[in-house]
Amino acid sequence: MKTSRPLSDGPSTGASTKAVHGGAARDKGFHSMTTPIVQSATYIFENTAKVIEFLDKKVYGGELDREEYARYGNPSVWSLERRIADLEGAEDAVVYPSGMSAVTSLFLTVLGPGSHIVMTDDCYRRTRQFCETTLKKFGIETSIVPMSNSEALEAAIAPRKTRFIFTETPTNPYLRVADLRRLAELGRRHRAMTLLDTTFATPVNLRPLEHGIDFVMHSATKYFGGHNDVLAGAIAGGAGRIKALKDARGIFGNVIDPHQAFLVERGLKTLALRVRHQNQTAQRVAEYLERHPKIERVYYPGLASHPDHEVASAQMSGFGGVVSFEVAGDIKATSDFIDRLRIPYIAPSLGGTESLIEQPAYFSYYDLSSEERLAVGIKDNLVRFALGIEDAEDIIEDLDESLRQVPARAAVPLAK
């Protein structure tokens, strides 16, 4: 297959150019503007000599331009992986059917009995559950430390046992931002790999590998896909480490199908356009909410009031499309406020063209009492607003109309 030098080899290539052209050959061999959906479970060989030629490359080393069976590879999937690697400035990338599949596969591939993970407390709840329950069955321990306490993070590292230091940036739902250079230095000093989930940031706003991080992962369901219509996950990093993950994927069988890959790659082409618009809208919404008397607190790294504003400003080119805030009211006043909004859909997830809003007390922590939620830092009046690509003026008008109807705050007991 004819290839050409990736456009992103140039030092000044921008995110939009990479998103459209990155990692892809000008002549894909199909004479098609877009990468075709190669919907095949198996691949044919012209003769036995071609089989031997392929196996020699696969077993003894060589550049493969084809595959034998879809569990090991697919042209549609390869194209997506090259594009993600290029966007992240990585040597390679591997994709999975979901973000959870990506992170669980990484841990199951790399970790063995006696291993240890240090994870910050603001990480995605399902990832924490996997580490604290499933991995524990295999003799793998996890320490959860406060996101804001760097001393506790280093103190939790167990010499010769800790294999991973894992956090998110920005985190969910409080949008905390880690100091990546310090995190990378800590990993190198203690010989632990660093893994960063930057789903909320995307490579448009942050490229962790440039700060020394070993692995970067994404729920590609979110901003990469961008249209709330596909599930996928991705991990990018060094070529040797990613090859080990691809080999393990062929054993685990958690492969993304070619149509999923096509949808994510299509979404990536407009990633920079969407994210930059969402950055701008989120900043305006956060500033509006911070001034509003019916809002108790706003969490957004682009605000000077955010505890990580300084570090976010130093390492991010944009602060993301999610704003979290606390309504001046109880759990019902908060849900009533959400119900009155006309533009955002009430739904989990984020990163799509449509704005989505949720009350974490219900969506992610409904099984806990109000007191139990508060113990893990989730207030009943907390709202997470994932901005889409609607006009900022319309969103702010919608928020304003609903906030006018929020009653004056009174002392209300915690919900049961």
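## A tour of the sheet, the salt bridges and the rings

Start with the open sheet of 5 strands, whose order is β8-β9-β12-β11-β10 with mixed pairing. Strands here are DSSP E runs of at least two residues and helices are H or I runs of at least four, numbered from the N terminus; two strands pair if DSSP finds at least two bridges between them. Select β8 (295-299) and β10 (345-346) next: these are the edge strands, each with a single partner, so one side of each has no neighbour in the sheet.

This is a predicted model, in which local features need pLDDT of at least 70 and side-chain atom pairs count only at pLDDT 80 or more, while totals for chains, interfaces and linings use all residues. Residues are numbered from 1 along each chain as its sequence is written, and side-chain values use heavy atoms, with hydrogens and water left out.

**Inside the sheet**

Select β11 (residues 356-358) together with β12: the two run antiparallel and are joined by 3 bridges. I357 has F385 in β12 as its bridge partner. Now add α13, which lies across β9, β10, β11 and β12 and runs at about 130° to β9. Contact means heavy atoms within 4.5 Å; axes are lines fitted to C-alpha atoms, for helices over the stretch in contact, and angles run from 0 to 180 degrees between N-to-C directions.

**Rings**

The structure holds 8 aromatic pairs. One of them is F325 with F337, an edge-to-face pair at 6.0 Å centre to centre and 80° between the planes. F325 lies in strand β9 and F337 in helix α13 (residues 331-340), so the pair ties together parts 12 residues apart in sequence. Rings of Phe, Tyr and Trp (its six-membered ring) pair if their centres lie within 6.5 Å; planes under 30 degrees apart count as stacked, over 60 as edge-to-face and the rest as tilted. F325 is buried at 0% relative accessibility, and F337 is buried with a relative accessible area of 0%. Buried means under 20% relative accessible area, exposed over 50%, and partly exposed in between (1.4 Å probe, protein chains only).

Then select F107, F164, F166 and F215, which form one aromatic cluster. For charges over rings, show R66, whose charged end sits over the ring of F45, 3.7 Å from its centre. K58 lies over the face of Y72, at 4.4 Å from the ring centre. The criterion is NZ of Lys or CZ of Arg within 6 Å of the ring centre and within 35 degrees of the ring normal.

**Salt bridges**

A search of the whole structure finds 22 salt bridges, each a side-chain nitrogen of Lys or Arg within 4 Å of a carboxyl oxygen of Asp or Glu.

Return to β9 and select E326, which forms a salt bridge with K379 (3.4 Å, N to O). E326 is in strand β9 (residues 322-327) and K379 in the loop between α15 (370-375) and β12 (382-386), so the pair ties together parts 53 residues apart in sequence. E326 is buried at 2%, whereas K379 is partly exposed at 35%.

Next, select K246 and E81, whose side chains meet in a salt bridge (3.3 Å, N to O). K246 is in helix α9 (residues 239-252) and E81 in helix α3 (residues 75-88), 165 residues apart. K246 is partly exposed at 23%, while E81 is buried at 2%. Add D92 and R249 to see the network of salt bridges that links E81, D92, K246 and R249.

Finish with E154 and R189, a salt bridge of 2.5 Å, N to O.
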